[in-house]
Every structure is written in structure tokens, then in C-alpha cells.
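User: Please take a close look at a single part of this model and set out how its pieces are paired and covered. A connected account, carried on into the surrounding regions, would be most useful.

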Amino acid sequence: MAQQKRGTPFNGTQIKFAKAPGTPATAITQLSTANPAVATVASHGLKNGDVVLLASESNPAVNGLYVAAQTDTATKFTVVGLDGSAVGAVSDAKFIKVDTFGFCDATSLDIESATVDYEDMTTNCDDYPYEEGNIKAGAIQMEISYDPDKEVNQYLEGLLFSQADTVFQFKPKDKTALRSYVCSVSGFKFNGQ
């Protein structure tokens with residue numbers, strides 16, 4: 001009898017963290033007001049899943065880390081997570097591709113993408129109870145083999161104290177689905193090993 005696969009083993013998962021970015025210098029000639037926004041540039045050199053940092057002095061609502069997608073043309077890429085309709089026109093945006101750390105030190109991973117809290121909005125005029133859901137940020141917890149001499153471990157520990165954002169990405173090996181989360185480190189605990 002043939003042995004059946006029971007999912008991807010954890011050690012077959014690829015994990016990356018975005019490194020501290022440099023200063024955005026490549027001009028975005030147009031940033032659409034679509035959701036998600038599409039950036040037009042002279043040439044981007046990006047691949048799907050690359051992390052980019054956007055910056056604008058005139059409209060700081062675009063400032064932040066994002067993931068590039070639909071990079072099949074040399075002059076356009078989709079800025080996943082940026083709602084262009086919410087930020088409006090931007091004339092001075094720039095971007096930089098952010099390098100990433102490959103991360104092989106995780107021994108377990110638990111991801112809660114988001115949660116929904118429901119609030120009772122029933123009034124005395126309602127015939128039936130009425131609730132509205134509010135989406136709240138999730139959490140990522142992982143156990144790692146910590147080596148204080150590794151640059152990536154020093155970087156992650158430093159993120160706890162700076163509270164700067166990073167991008168956490170993971171993809172099961174041999175799968176096409178890539179998940180990316182902009183997050184900050186809220187705890188770093190040593191267990192004595």
C-alpha cells in the first residue's frame with residue numbers, strides 16, 4: 001500500500017523577514033487610485049512577492065512596507081495592501097526593493113491571520129438583535145533555535161525594542177501560495193536552551 005502524504009512538514013516551509021530598508025530613491029511616475037494601487041515606474045526589476053518600501057513627502061499615507069505583485073511588465077507592479085482610493089493622488093512617491101533574511105531557525109509556527117470581534121449594535125427600534133464585526137490584527141508565534149551571533153536573530157530582537165515594522169513571509173515548499181504580513185515584534189522570550 002502506498003504511503004499517503006499528510007500535509008507539508010514544517011521543515012518544508014520557507015520563511016523570510018524583511019531587512020531594515022534603505023531610503024526609497026526610484027521614482028514612481030504614477031500611483032493609481034485603485035484598490036490595490038498600481039505603481040508605474042521607468043523600470044522596477046521586481047518579482048512577485050518582493051517587499052518594497054514606499055515613501056511620499058506630500059502624502060505620508062502611502063509610507064510603509066508592501067508586497068509587489070503582478071510584476072509581469074517591466075514598468076508596472078501592484079502594491080498589495082495599499083488602497084489607492086483611500087490615499088488619493090500621489091505625485092512624489094518613491095520606492096526601494098527591500099532585501100530579506102531567509103529564516104531556517106523556526107521549529108514551530110502558529111499564525112492567526114486576523115480575528116473578528118462582534119459588538120452589539122441593537123437599538124430600542126430594532127426588532128431583532130444586531131451585531132457588527134470589527135476585524136482585528138492577528139498574531140504570529142514561533143519557536144526558534146536562537147543563536148545570538150546570527151544577524152537575523154539580532155535583527156528580530158532589535159525590532160522588539162524599536163517597534164519598527166517588518167514583513168514576515170512564508171510559503172510551503174513546492175507551493176505557489178505566498179502569505180505576507182506586515183508586523184512588529186511584541187515579545188522575545190528565551191527558554192534557557
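**Strand pairing and its surroundings**

Analyst: In this predicted model, Phe170 stands opposite Arg179 in strand 13. The pair belongs to a longer contact: strand 12, covering residues 166-172, runs antiparallel to strand 13 and is joined to it by 5 bridges. Both strands are part of an open sheet of 4 strands, arranged in the order 9-1-12-13 with antiparallel pairing. The edges of this sheet are strand 9 (100-103) and strand 13 (179-183); each has a single partner strand, so one side of each is left without a neighbour in the sheet. On average, and with direction ignored, neighbouring strands of the sheet are turned by 20 degrees against each other.

Helix 2, residues 151-162, lies across strand 1 (13-18), strand 9 and strand 12, and runs at about 110 degrees to strand 9. The loop between helix 2 and strand 12 contains Gln163. The phi of Gln163 is near 55 degrees, a positive value in a residue other than glycine. Most residues other than glycine have a negative phi. Gln163 counts as partly exposed because its relative accessibility is 44%, a value that falls between the limits of 20% and 50%.

A second region can be read beside this sheet, beginning with its core. The largest nonpolar core has 18 residues, and Leu31, Phe77 and Leu82 touch the most other members. Strand 4 (37-40), strand 5 (51-55), strand 6 (64-69) and strand 7 (76-80) each supply at least two residues of this core. Apart from it lies another core, of 14 residues, which includes Phe170 together with Ala106, Tyr155 and Val185. Phe170, described above as the residue opposite Arg179, is therefore also a buried residue, as membership of a nonpolar core requires.

Within the region of the largest core, Leu82 has contacts that include Leu31, Ala34, Asn35, Pro36, Leu54, Tyr66 and Val87, with residues up to four places away in sequence not counted. Two of these, Asn35 and Pro36, are linked by a cis peptide bond with omega near 5 degrees. Pro36 lies in the loop between strand 3 (30-31) and strand 4.

Strand 6 is mostly covered, with 6 of its 6 residues buried. Gly64, Tyr66 and Ala68 point one way from the strand, whereas Leu65, Val67 and Ala69 point the other way. Such alternation is expected in a regular strand, where side chains alternate between the two faces of the sheet. Strand 6 pairs in the antiparallel sense with strand 5 over 4 bridges, and Val52 stands opposite Tyr66 in that pairing. Its pairing with strand 7 is also antiparallel, over 3 bridges, with Thr78 of strand 7 as the bridge partner of Ala69.

Strand 6 and strand 7 form a hairpin with 6 residues between them. Gln70 is found in the loop between these strands, and its phi is near 50 degrees, again positive in a residue other than glycine. Gln70 is exposed because its relative accessible area of 55% is over the 50% limit.

As to confidence, the mean pLDDT of the protein is 87, and 92% of its residues reach 70 or more. Residues 1-7 have pLDDT below 50, and this stretch has 0 contacts in the model beyond near neighbours in sequence. Where pLDDT is low, the predicted coordinates should not be read in detail.

Note on methods:
Residues numbered from 1 in each chain as written. Predicted model: local features only at pLDDT ≥ 70, side-chain atom pairs only at ≥ 80, totals over all residues. Heavy atoms only, no water. Pairing = 2+ DSSP bridges. Axes fitted to C-alpha atoms, helices over the stretch in contact; angles between N-to-C directions. Contact = heavy atoms within 4.5 Å. pLDDT = per-residue confidence, 0-100. Core = buried A, V, L, I, M, F, W, Y, C linked by side-chain atoms within 4.5 Å. Buried < 20%, exposed > 50% of the residue type's maximum accessible area, 1.4 Å probe, protein only.
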